[in-house]
Every structure is written in structure tokens, then in C-alpha cells.
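Here are some worked exercises for you to try with the model open beside you. Have a go at each task before reading its solution.

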Amino acid sequence: MTSLRSRVARFLTRRPDQDVAPASGPTPEPPLVGFVVHGAGGVHPASAHIRVTGRMSALAASGAARVAQVEPVRWADGTDTAHLDVLLVQRDAFPLASLDAAIERARREGTRIVAEVDDDFFSREARARLVRAEYDPERLASVERVVAAADAVVTSTEPLRAVLAAAGTTAVVVPNAVQPGLWGTGPSRPDPVGPRRVLYMGSATHGDDLALLRPVFDGLVDDDSRVVRLEVVGVTDTDADWFDRLDLPDGATHYPEFVAFLRANAHRWSAGVAPLTDDPFNDAKSDLKFLEVSMLGLPFVASDRPSYAGIDEHGGLLAENDPAAWQHALRTAFREADERVQRAQAYVRAERLVTGDGDWRAALGL
């Protein structure tokens with residue numbers, strides 16, 4: 001259902017000589033949802049694809065709304081004259097210098113502003129971590145401004161909702177999900193010769209998490225005395241003697257290409273991992289890597305932190321941040337790979353696929 005403010009705005013701007021369409025007249029067009037994310041032309045970073053563009057495609061396919069990516073500066077200054085029923089802004093994708101003009105226009109035209117935030121940009125500890133990762137202060141300011149002005153805020157986890165609540169912002173949780181059609185089916189079959197490899201993929205904010213794994217892989221072998229090596233995709237651009245790096249090819253930063261790259265290399269790995277240090281930034285993160293690694297066909301081991309609470313009910317393995325606990329969990333993953341992957345994939349297909357329904361649509365006011 002179109003937001004009340006949008007309906008009121010259209011009513012107030014109706015010309016006096018404009019007749020109201022009879023009930024039997026043409027069906028009105030679905031509401032128009034504009035979204036602002038990084039990237040363009042269908043090429044977006046993973047966070048935009050996972051949290052926004054995939055869901056927007058599902059929403060448009062459902063017929064509940066028309067959707068369009070908005071160029072933020074042009075919409076803020078009025079060059080783009082389209083009336084939006086909803087303007088969804090992800091994270092820091094709206095340039096700070098144009099935000100006030102966009103917010104004023106939205107208020108004037110009755111456009112519902114929805115902020116989508118899937119990381120902790122708000123707690124003191126998390127902000128310090130982002131600054132260490134060279135996150136531009138203007139990007140942090142943009143997130144704060146959008147959230148403060150929004151009619152609704154959507155986030156990905158309950159801990160992150162609590163962080164926002166502590167900052168005085170009410171948010172709704174729409175858990176992360178994976179898009180149907182991008183992933184394969186069934187367990188992967190790792191190479192039977194050479195060392196076992198274990199996949200760790202992530203962004204540059206995970207350097208401290210990577211360090212947790214150093215003592216885990218120091219001399220690690222499986223039940224058959226086969227050497228186990230960690231293989232890193234992303235996370236760091238430096239080399240070390242205790243892990244191997246697998247570089248992404250050109251273009252693989254686009255999420256569907258990234259998934260295709262992972263699928264093409266799935267035979268390299270016997271498991272996937274997600275180490276997390278004990279800090280607020282990590283505790284607000286989602287279990288997305290569990291979904292992705294499971295759909296890649298690999299068993300999954302993660303730190304026993306709030307982000308991954310409950311995955312052990314669906315085939316995942318949790319380990320205290322202790323080398324012996326991690327080594328035990330990895331050996332279990334190797335032994336029980338097929339059964340754990342089957343359970344995890346069944347859960348993802350039943351409950352964690354992208355749709356345009358439910359809380360997502362409600363948050364947009366549709």
C-alpha cells in the first residue's frame with residue numbers, strides 16, 4: 001500500500017479541474033521506489049547487491065512496485081523530476097553535500113525516506129575500527145544524516161537493531177538472504193590430492209579476525225595427517241607464510257561475478273570459515289557468510305559469537321576462539337561435510353532466499 005504521505009501529497013497537488021478516476025477506471029500504476037546504492041549499470045558492490053538490488057528485482061517482479069536506481073545528486077537538485085513514493089538509501093551512498101536538498105525535496109513531495117544499514121556505523125568502538133580501515137569521515141557523516149532523516153530504518157541483525165536503539169533510532173530487522181539462481185546445489189567435491197584448503201573470504205575490515213586463525217593453522221593436519229592450509233580471498237593484500245592468497249580476477253568485485261568465481265574454484269576448498277574477534281562491530285554483523293559458504297557446497301565453521309548464533313542448528317559449526325577448539329571443529333567439518341552441507345542448504349532454501357515480500361515491503365511502506 002502506498003505510504004499515507006505519498007497519497008496525501010498527490011491529493012494536495014491534484015488540479016481543481018482534475019476528476020477523480022471512477023472505481024471502474026484504469027488500475028493506478030504501482031508506486032515508484034527509487035533506490036540509491038553504490039555502483040551503476042547493474043554493477044554494484046556485494047553489500048548493495050545482497051541488501052538492495054536483488055530485493056528490488058524481486059519487488060518489481062512481484063508487481064507491487066516499480067523500481068529505479070536514482071542518481072542522487074540529480075534527484076537532490078531537481079534535474080531528475082521523477083516523483084518517488086519511496087526513496088531508499090543504502091549506507092553512505094548519498095553524497096553528504098547533496099543530502100539536505102534531497103531531504104527537503106522528499107518532505108515537500110511526500111516521499112518516504114528509508115535508510116538501509118547493515119553494519120555498525122554508530123558505536124564508538126565500531127567507528128574507531130572503520131577509521132583504522134581508512135573509512136572516509138564524510139561517509140560516516142552521510143550514514144548518520146540519512147538515518148536521522150529517515151521515516152524508516154532497515155537493518156540486518158537484532159544486535160545492530162539494538163545498537164541503533166541505543167542511539168535513539170527505531171529500526172526493523174530484515175535478515176540477509178541469498179538470491180535464487182546464483183548458487184549451485186549439493187556438496188562440493190574438494191581436490192583429493194595435495195593439502196586441504198580452507199576458504200576465508202572477507203573485506204579489508206577483517207585483518208584482526210584473520211590473525212585469530214594463525215595458531216589454528218600452525219601445523220594443522222586432518223584425521224589422515226593431510227596438511228591443511230588456509231586460503232584467503234580478499235581480507236588482506238599482504239602475504240604471509242602461514243596462509244595463501246587467491247586473487248580475484250578483474251570484474252569479480254561485481255557480486256554475481258564474484259559468486260561465479262567462487263563456484264568455479266569450489267573444488268579447491270574443503271570448508272569455509274568466519275573468525276570474529278570479540279568486539280561490537282563484529283557482534284552486529286550477520287550470518288551471511290554461513291549462507292554463502294553453505295550454498296557454495298562447503299561445510300562452515302565460525303567463531304562462537306552473536307553474529308552466528310544458531311547456525312549449529314542448521315549444519316554449521318561454532319568454535320570458541322581457541323586454537324584447539326577451532327582445529328576440532330575443522331576436522332569435524334571435513335568428516336561430516338556432506339551431511340552438514342545438505343542440512344545447511346535445506347535451511348537456506350526454505351528460509352533464507354531473497355523475496356520482495358514481508359518485512360522488506362512493510363519497511364518501504366508498500
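**Exercise 1. Getting an overview**

Task: Find what share of the contacts with a separation of 6 or more in the protein chain comes from residues 24 or more positions apart.

Solution: In this predicted model, residues 24 or more positions apart account for 74% of the contacts with a separation of 6 or more. Next, take stock of the elements: the protein chain has 14 helices and 12 strands. Finally, look at burial: of the 366 residues in the chain, 51% are buried.

**Exercise 2. The six-stranded sheet**

Task: Work out in what order the six strands of the open sheet are arranged, and which strands stand at the edges.

Solution:
- Step 1. Reading across the open sheet gives S2-S1-S3-S4-S5-S6, with parallel pairing.
- Step 2. S2 (66-69) and S6 (172-173) each have a single partner strand, so one side of each is left without a neighbour in the sheet.
- Step 3. Zoom in on the S6 edge: two bridges join S5 (residues 152-155) to S6, and the two run parallel. Here Val-154 stands opposite Val-172 in S6.
- Step 4. Now add a helix. H7 packs on the sheet and touches S4, S5 and S6, its direction making about 145° with that of S5.

**Exercise 3. Three strands further along**

Task: Trace how S11 is joined to S10 and to S12.

Solution: Start with S10 (residues 269-274), which is joined to S11 (residues 300-303) by three bridges, the strands running parallel. In S11, Ala-302 is the residue that Ala-274 stands opposite. Then move to S12 (residues 317-319): three bridges join S11 to S12, and these strands also run parallel. Ser-303 faces a partner there too, standing opposite Ala-319 in S12.

**Exercise 4. Two nonpolar cores**

Task: Identify which residues have the most contacts inside the largest nonpolar core, and which elements supply it.

Solution:
- Step 1. The largest nonpolar core has 35 residues, and Phe-94, Phe-121, Phe-122 and Val-147 have the most contacts inside it.
- Step 2. Among the elements that each supply at least two of its residues are the strands S1 (32-36), S3 (86-90) and S4 (112-117), along with helices including H4 (96-109) and H5 (124-132). The largest share, five residues, comes from H6.
- Step 3. Take Phe-121 as an example. Leaving aside neighbours within four places in sequence, Phe-121 is in contact with Arg-91, Arg-127, Leu-130, Tyr-135, Leu-140 and Val-143.
- Step 4. Another core, of 31 residues, lies apart from the largest one; Trp-269, Met-295, Leu-296 and Ala-344 are among its members.

For background, nonpolar side chains in soluble globular proteins tend to be buried together.

**Exercise 5. A helix pair**

Task: Decide how H11 and H13 are oriented towards each other.

Solution: First, the geometry: H11 (residues 288-296) and H13 (residues 337-351) pack at an angle of about 120°, and their axes are 9 Å apart. The helices are therefore oblique to each other. The crossing of H11 past H13 is left-handed. Last, the contact itself: H11 contributes Phe-290, Leu-291, Ser-294 and Met-295, while H13 contributes Val-341, Ala-344, Gln-345, Tyr-347, Val-348 and Arg-349. Two of these names may ring a bell, as Met-295 and Ala-344 are also among the residues of the 31-residue core.

**Exercise 6. Positive phi: buried or exposed?**

Task: Locate Arg-91 and Ser-225, then classify Arg-91 and Ser-225 as buried or exposed.

Solution: Arg-91 is in the loop between S3 and H4, and its phi is near 45°, a positive value in a residue other than glycine. With a relative accessible area of 16%, Arg-91 falls under the 20% cut-off, so it is buried. Ser-225 is in the loop between H8 (207-212) and S8 (228-234), and its phi, also positive, is near 65°. At 56% relative accessibility, Ser-225 is over the 50% limit and therefore counts as exposed.

**Exercise 7. Far in sequence**

Task: Find how far apart Tyr-255 and His-44 are in sequence and in space, then do likewise for Ala-61 and Thr-355.

Solution:
- Step 1. Tyr-255 and His-44 are 211 residues apart in sequence and 6.9 Å apart in space, C-alpha to C-alpha.
- Step 2. Tyr-255 belongs to H9 (residues 255-265) and is buried, with a relative accessible area of 4%. Beyond four places in sequence, Tyr-255 touches His-44, Ala-46, His-49, Ile-50, Leu-182, Trp-183 and Glu-292.
- Step 3. Ala-61 and Thr-355 are 294 residues apart in sequence, with 9.6 Å between their C-alpha atoms. Ala-61 sits in H2 (residues 46-62) and counts as exposed at 70% relative accessibility.

Technical notes
Residues numbered from 1 in each chain as written. Predicted model: local features only at pLDDT ≥ 70, side-chain atom pairs only at ≥ 80, totals over all residues. Heavy atoms only, no water. Pairing = 2+ DSSP bridges. Helix = DSSP H or I, 4+ residues; strand = E, 2+ residues; numbered from the N terminus. Core = buried A, V, L, I, M, F, W, Y, C linked by side-chain atoms within 4.5 Å. Buried < 20%, exposed > 50% of the residue type's maximum accessible area, 1.4 Å probe, protein only. Contact = heavy atoms within 4.5 Å. Axes fitted to C-alpha atoms, helices over the stretch in contact; angles between N-to-C directions. Parallel < 35°, antiparallel > 145°, perpendicular 65-115°, else oblique. Left-handed = near helix turned anticlockwise from the far one by under 90°.
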